[in-house]
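This is a walk through one protein model, taken strand by strand and then along a helix. Please keep the sequence and the 3D view open while reading.

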Amino acid sequence: MHPNEVSGAVVDAAMRVHTALGPGLLESAYETILAHVLASRGLFVERQKPIPIQLDGIFIDQGFKADLIVEGKLLIELKAVERLQPVHMKQVQTYLRFLDMPLGLLMNFSNETFKEGLKRILNNYNGPQNFAQR
């Protein structure tokens, strides 16, 4: 599947989860349920995947943990906060760069409607591995 196809399937599933549960749960609850729904639809889902960071000979084996990675192609960062902040978008951009992935979704389940809390974020890093050239 292309990352955009994976994204479409994930957004559909997440919207159904939000509609069924509404806002007000902890982020971990949405993560667990969304992962289950996606897996039940036949998608390969990794939860809390440790992502290493390496710089100048320093290696941190768990620099961060990705909330969800779907089909090895799409990063999902989940939030259950009153309002998304610019730092949340930068967080996803950084994760995409470290993972060398083209696309990520930032989902805030605390909004009244799912659409309000959904951000699609592209890896626009222009370093050695520019996705526009692939």
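In this predicted model, strand 4 and strand 5 run antiparallel and are joined by five bridges. One pairing can be found by residue: L106 has K119 in strand 5 as its bridge partner.

Strand 4 also pairs with strand 3. Here the two strands run parallel, with six bridges between them. L78 can serve as a marker, since its bridge partner in strand 4 is M107. To get from strand 3 to strand 4 the chain passes through helix 3, and the resulting β-α-β crossover is right-handed.

How many of the residues of strand 4 are buried? Six of its six residues are, and the strand is mostly covered. In a regular strand, side chains alternate between the two faces of the sheet. In strand 4, L103, L105 and M107 point one way, while G104, L106 and N108 point the other way. Both sets are buried, where buried means under 20% relative accessible area.

The helix in the crossover comes next. Helix 3 covers residues 86-99, 14 residues in total, and spans 20 Å from its first C-alpha to its last. That is close to the 20 Å expected at 1.5 Å a residue. Because the buried residues of helix 3 fall within an arc of 130° when seen down its axis, they line one face of the helix. These buried residues are H88, Q91, V92, Y95, L96 and L99. On the other side of helix 3 lie P86, V87 and K90, which are exposed.

What do the buried residues of helix 3 pack against? They pack against strand 1, strand 2, strand 3 (74-79), strand 4 (103-108) and strand 5 (118-122). After helix 3 comes D100, with a positive phi near 55°.

Two of the strands just named remain to be described. Strand 1 (residues 45-55) and strand 2 (residues 58-70) run antiparallel and are joined by nine bridges. Within this pairing, R47 has L68 of strand 2 as its bridge partner. The two strands form a hairpin with two residues between them, and in this hairpin D56 takes a positive phi near 50°.

To retrace the path, begin at the hairpin of strand 1 and strand 2, then follow the chain from strand 3 through helix 3 to strand 4, and end at the antiparallel pairing of strand 4 with strand 5.

Technical notes
Residues numbered from 1 in each chain as written. Predicted model: local features only at pLDDT ≥ 70, side-chain atom pairs only at ≥ 80, totals over all residues. Heavy atoms only, no water. Pairing = 2+ DSSP bridges. Helix = DSSP H or I, 4+ residues; strand = E, 2+ residues; numbered from the N terminus. Expected span 1.5 Å × (residues − 1). Buried < 20%, exposed > 50% of the residue type's maximum accessible area, 1.4 Å probe, protein only. Arc of directions from axis to C-beta. Contact = heavy atoms within 4.5 Å. Right-handed = clockwise from strand over helix to strand, strands pointing away.
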